[in-house]
Amino acid sequence: MSIYRGIRKRWIEGDYAGSYRPGEDAVEVRSGFFRRYLGRDHVRVPNVGFRADGVARPLIIATDVLAGILDGNGQQVAGQSDGLYYANVANAEATLGTLSLLLERVREDDLLAVFPGDQHENTSYFDLNAMTTTILDPDLGKLSPGERRIVEQRFSAWIGKRLPLGIWKEIFLHQTPENPGAALIGKEARNFVPHCTEGIVEYVPDVLRLFEAQRRDIDAQMAAGALVPLARWLPVPKDGLTVDMPGDARGMGGNKLDDLLGAAFTGGYFQGDDHRHQKRAIVAGACYEYSVRLLIEHLVDADIQVVCMLSCVKGLDFFSSKLHTAHYLKELYGRKLVFTYDWLEPLLGPRPAGWDAAVQRVMQHDRAQHDLFWKDYTAQMARGTTASGAEIVCAGQSALQALRVA
Amino acid sequence: MPVTELFNVATWNFVLGERDVEDALRDPTVRALIVRGGVGTVLPTVNAVRELEAREELRPKAIHVPSNGLSAALPDLGMRVEASAVLPRLLRDTYGVRVEDALPQRDDALVVAFLRDGGDAGVLREASRFPMVVGMPCGVAPSGLRDVARKAFSTFRYEGRNAFFPASVEEAALEVAPQHIVVLSDDPERLFYTAIGAVDFFLVQDARLRDPSTLQLWDILSMGAKVTAVLLASPRARSEVATVLEHACTHLQTALGVASCQPDYEYGPVSGHKIAIDLR
């Protein structure tokens with residue numbers, strides 16, 4: 001029986017995580033994506049655990065720590081990992097040094113860590129013979145004139161039937177400025193730029209080393225007979241800005257991020273006025289203005305105290321500033337959110353050698369970036385446009401044109 | 001005053017998917033369920049209620065299955081058979097599941113091995129040529145099974161009878177997208193309920209393309225034909241002979257904790273592929 005008689009909600013305290021079976025050391029979570037990096041799909045995930053002084057260890061969530069390989073002209077090398085951490089470009093990533101120190105502590109201290117990573121649609125993975133969810137409606141009046149012509153000329157035999165992808169593509173995709181080849185491309189490539197492509201994108205080496213160590217440990221557990229081994233370092237796929245990916249119509253699949261959050265703060269206690277503050281997540285990764293920001297908001301929604309380690313977060317320098325976004329988020333979520341460049345020893349243990357120098361580089365970079373940004377930003381606000389010259393607030397015809405209504 | 005919920009369903013999965021049933025199990029004012037329908041459907045329905053109660057840590061409801069509310073076109077409920085023959089017979093007659101002694105000669109199957117003690121290591125090694133999901137209730141594989149588990153597509157631990165009840169097994173099956181599922185077990189009850197879970201898996205896939213309430217008997221049998229059940233156990237000594245109905249009632253009361261199978265003429269049989277659940 002639910003403790004709440006209204007519509008079901010995910011994060012009601014006392015009805016989420018908890019201490020189901022005292023003494024049980026972990027929660028089972030299954031994801032096909034685990035197999036790619038850990039060798040197994042079904043693992044037991046322990047809670048974050050506590051330090052000797054009773055302080056809960058933090059959950060580490062580093063999102064989109066994915067490698068990008070650029071050539072000498074700063075262009076993505078075709079066929080190579082197309083993430084957004086450019087480790088092969090000298091001095092390009094001030095935050096990789098600090099992130100590396102954080103991940104080393106994850107390894108040394110067995111901290112529970114989750115690594116969400118974009119896995120956007122790969123054109124070559126589409127199966128043209130597979131069935132779509134679209135049945136071609138006998139009322140052809142619902143189609144555009146162009147679509148109707150294609151159906152009448154080539155696909156009239158498919159009217160009233162479920163369309164295979166190859167025919168769906170022929171009817172519904174045309175040459176457009178965003179897609180000149182009328183190809184099956186993902187929403188990310190269509191709306192933004194091609195990046196983080198499934199099957200091509202790869203985590204940065206520091207994360208891959210963690211997964212490799214995890215895989216060896218899992219192998220050892222399986223050799224000892226464990227059917228569902230314990231795992232602390234977990235890859236999570238996602239497909240867009242939001243970090244959680246829900247299951248299908250039956251609630252199956254999904255990216256299991258919320259299950260991992262549940263596991264992280266199960267047992268303990270992590271609930272009630274004397275314990276709630278122990279639900280802490282340290283957030284790192286890229287890109288700060290997109291996935292990191294949405295991750296922060298998701299965690300705040302989940303009633304988790306968020307520590308955003310600005311020292312380990314990559315921002316997009318083209319049009320934003322970490323400090324400006326920090327101000328915006330702090331205004332909104334001040335009670336649940338802490339920004340810091342610092343290494344918080346009570347949570348993370350002793351400050352690692354080299355941290356101070358590494359974090360100074362990040363802070364200098366961020367301050368310089370903020371100064372540049374602020375000058376542009378105030379000018380843009382005065383003009384009422386974005387960095388690309390688009391109107392910030394549209395009215396009348398320009399709003400309708402943007403919506404393709406006019 | 002009892003409230004009757006009538007479900008036009010093929011197997012337990014659709015009953016359990018009904019929010020009404022789940023809510024009834026959570027409702028403390030509902031003290032008892034009376035379940036009626038085809039015997040091959042009532043058994044997995046009652047088992048599903050028990051598995052849900054265990055998973056959700058709900059207080060178990062008293063369940064009554066009036067023997068006069070059990071029906072079957074096949075097998076004849078009055079037919080006298082050995083106890084060990086009842087569950088395989090129900091699998092064959094109700095669902096069209098192939099009950100075999102050996103692995104099928106095909107290469108497009110998923111094997112779900114749900115073992116109590118480990119079973120026949122030779123057959124399991126042979127089954128390793130298929131994608132395989134291996135589970136046991138204790139979560140620790142005996143030494144003879146460890147290599148099989150390490151090579152398996154997925155592994156699980158589960159204390160219930162139907163391996164498809166935990167979402168992890170169904171998810172693994174979805175990933176494989178098999179044309180056929182072979183269920184292996186060294187325990188006749190796990191074999192029976194997991195084989196029906198496998199039929200349900202195919203029914204759920206089919207339900208994406210058509211309304212499951214429109215399914216005819218031959219549709220269900222064709223789904224069942226996609227499942228092979230193999231018992232990994234040495235032949236037992238002769239077991240008690242009784243009617244199918246008597247064996248079913250014994251199983252309901254001893255294995256599934258049904259409070260009573262006494263006939264109750266307040267309730268009549270249900271026609272077609274229907275399950276009637278009265279809430280009291």
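Reader: Where does A:Asp110 lie in chain A?
Author: Happy to start there, with a note that this is a predicted model, in which local features need pLDDT of at least 70, side-chain atom pairs count only at pLDDT 80 or more, and totals for chains, interfaces and linings use all residues. Residues are numbered from 1 along each chain as its sequence is written, while chains are lettered from A and ligands numbered from 1 in the order in which they are written. Helices (H or I, at least four residues) and strands (E, at least two) are DSSP runs, numbered from the N terminus. With those labels, A:Asp110 sits in the loop between α2 (94-109) and β5 (113-118) of chain A.

Reader: What is the phi of A:Asp110?
Author: Most residues other than glycine have a negative phi. A:Asp110 is not a glycine, yet its phi is positive, near 55°.

Reader: Is A:Asp110 buried or exposed, or in between?
Author: The count to use is of other C-beta atoms, placed from the backbone, within 10 Å of the residue's own: 20 or more is buried, 12 or fewer is exposed, and in between is partly exposed. A:Asp110 has 13 such atoms within 10 Å, so its class is partly exposed.

Reader: And what is the phi of A:Ala182?
Author: A:Ala182 is in the loop between α4 (165-172) and α5 (187-191) of chain A. With 13 C-beta neighbours inside 10 Å, A:Ala182 counts as partly exposed. Although A:Ala182 is not a glycine, its phi is positive, about 50°.

Reader: Which peptide bond is cis, with omega near -25°?
Author: Most peptide bonds are trans. For the cis one, look at A:Cys287, in the loop between β10 (280-285) and α8 (288-301) of chain A. The bond with omega near -25° runs from A:Ala286 to A:Cys287.

Reader: What covers the buried residues of α8(A)?
Author: The buried residues of α8(A) include A:Tyr288, A:Val292, A:Leu295 and A:Leu299. Contact here has C-beta atoms, placed from the backbone, within 7 Å. The cover includes β3, β10, β11, α9 (322-333) and β12 of chain A.

Reader: Which strands are at the edges of the open sheet of chain A?
Author: Two strands pair if DSSP finds at least two bridges between them. In chain A, 6 strands form an open sheet with parallel pairing, in the order β9-β5-β3-β10-β11-β12. Each edge strand pairs on one side only, and the two are β9 (233-238) and β12 (337-340).

Reader: Which residue of β12(A) stands opposite A:Val306?
Author: β11 (residues 305-313) of chain A runs parallel to β12(A), joined by 4 bridges. Opposite A:Val306 in β12(A) is A:Leu337.

Reader: How far apart are the axes of α2(A) and α11(A)?
Author: Axes are lines fitted to C-alpha atoms, for helices over the stretch in contact, and angles run from 0 to 180 degrees between N-to-C directions. α2(A) packs on α11 (residues 355-383) of chain A at about 145°. Among the residues that meet are A:Leu101 in α2(A) and A:Trp355 in α11(A). The axes of the two helices are apart by 8 Å.

Reader: Which element gives the most to the side of chain B that touches chain A?
Author: In this interface, 21 residues of chain B are in contact with 15 residues of chain A. β8 (132-136), α6 (143-151), β9 (154-157) and α7 (167-176) of chain B each supply at least two residues of that side. The most, 7 residues, come from α7(B).

Methods:
Contact = placed C-beta atoms within 7 Å.
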